[in-house]
Amino acid sequence: MDKFYNQLKANNKEWVAQQLEKDPAFFSKLENGQQPPLLWIGCADSRVPANQIIGAQPGEVFVHRNIANMVVHTDMNMLSVLDYAVNALKVKHVIVCGHYGCGGVKAAMGNDSIGLIDNWIRHIKNVYRLHKTEIDSIEDEKQKWDRFVELNVKEQVFDLAKTSIVQNAWHNGQDLQLHGWAYGVGDGIVKDLDVNISSDKQLDSVYQLNF
Ligand code: ZN
């Protein structure tokens, strides 16, 4: 085994020791179950670690990550995480967190085929098509990319609200708020994109479901 791989196990031992030093009951308390108030849907990018960014401890945030923090309605993985978070854990907040410099979003702006992932990226291209006028009006490539990141997050928040899972929770009177953020990998700062949805009334009527 190489040095890097062995170091991971050494790091774990050290982390356990540190946690126990701070609180001898740290792990035994977690054994009783979880009740996180937050579901995080973020990018798989290694520079955007959910817990660290928001200073969350184990047990405080339920996490789903994929390339470009997408909410794809046929994604059983995402739907299962969402269903469990909303219906079993009863989270109060869902944050979709994108990040500036997202490679998935960048790929969606271009035309190069990069393999199987083209099929995933295509969902991001749909966001581009929806906001083509605005995105194309920005000349600076970096600004264009940044804005596309933000618009993609907003669309994913709306896509969350369109799911039967979220709408059913609202129908049942559950307090559930959806938010969109963009994270700066270069400065660590989160930008609240001010897309907060807590009712199906904020959706176009064609998406509103009657139960
Ligand atoms: Zn990304």
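1. In this predicted model, the largest pocket has a lining of 18 residues, and those nearest its centre are Leu130, Glu155, Asp159, Lys162 and Tyr207. Two elements each give two or more residues to this lining: α6 (118–130) and α8 (141–162). Helix α8 supplies the largest share, 6 residues.

2. The volume of the largest pocket is about 370 Å³. Sorted by class, its lining residues are 8 nonpolar, 4 polar and 6 charged.

3. The zinc ion has three named protein donors to check: Cys43 through SG, His99 through NE2 and Cys102 through SG, at 2.1 to 2.3 Å from the ion. The spacing of these donor residues along the sequence is C-x55-H-x2-C. Water is not among the atoms, so the site may look incomplete.

4. Two of the zinc donors can be placed by accessibility. Histidine 99 has 0% relative accessibility and therefore counts as buried. Cysteine 102, at 2%, is also classed as buried, because the cut-off for that class is under 20% relative accessible area.

5. The salt bridges come to 9 by the rule applied here. One of them joins arginine 147 to glutamate 134, with 2.5 Å between the closest N and O atoms. This pair links distant parts of the chain, since arginine 147 belongs to helix α8 and glutamate 134 to helix α7 (residues 132–136), with their positions 13 residues apart in the numbering. Glutamate 134 has a relative accessibility of 32%, so it counts as partly exposed.

6. Arginine 147 also forms a salt bridge with glutamate 150, where the closest N and O atoms are 2.8 Å apart. Both residues are in helix α8; because they are 3 residues apart, about one helical turn separates them. Glutamate 150 is buried, its relative accessible area being 8%.

7. These contacts belong to a wider arrangement: a network of salt bridges links Glu134, Arg147, Glu150 and Lys191.

8. Helix α8 holds a further pair, aspartate 146 and lysine 142, which lie 4 residues apart, about one turn of the helix. Their side chains meet in a salt bridge with an N to O distance of 2.9 Å. Lysine 142 has 46% relative accessibility and so counts as partly exposed.

9. Helix α8 thus recurs in this note: it gives 6 residues to the lining of the largest pocket, and it contains both partners of the salt bridge between arginine 147 and glutamate 150.

Key
Residues numbered from 1 in each chain as written. Predicted model: local features only at pLDDT ≥ 70, side-chain atom pairs only at ≥ 80, totals over all residues. Heavy atoms only, no water. 1 Å grid on protein atoms, 1.4 Å probe; cavity = no way out; pocket = protein on both sides within 12 Å on 5 of 7 lines; lining within 4 Å. Points joined across faces, edges and corners; volume = space filled by probe spheres on them. Nonpolar A, V, L, I, M, F, W, Y, C, P; charged D, E, K, R; others polar. Donors = N, O, S within 2.8 Å, 3.2 Å for Na, K, Ca; no water. Buried < 20%, exposed > 50% of the residue type's maximum accessible area, 1.4 Å probe, protein only. Salt bridge = Lys/Arg side-chain N within 4 Å of Asp/Glu carboxyl O.
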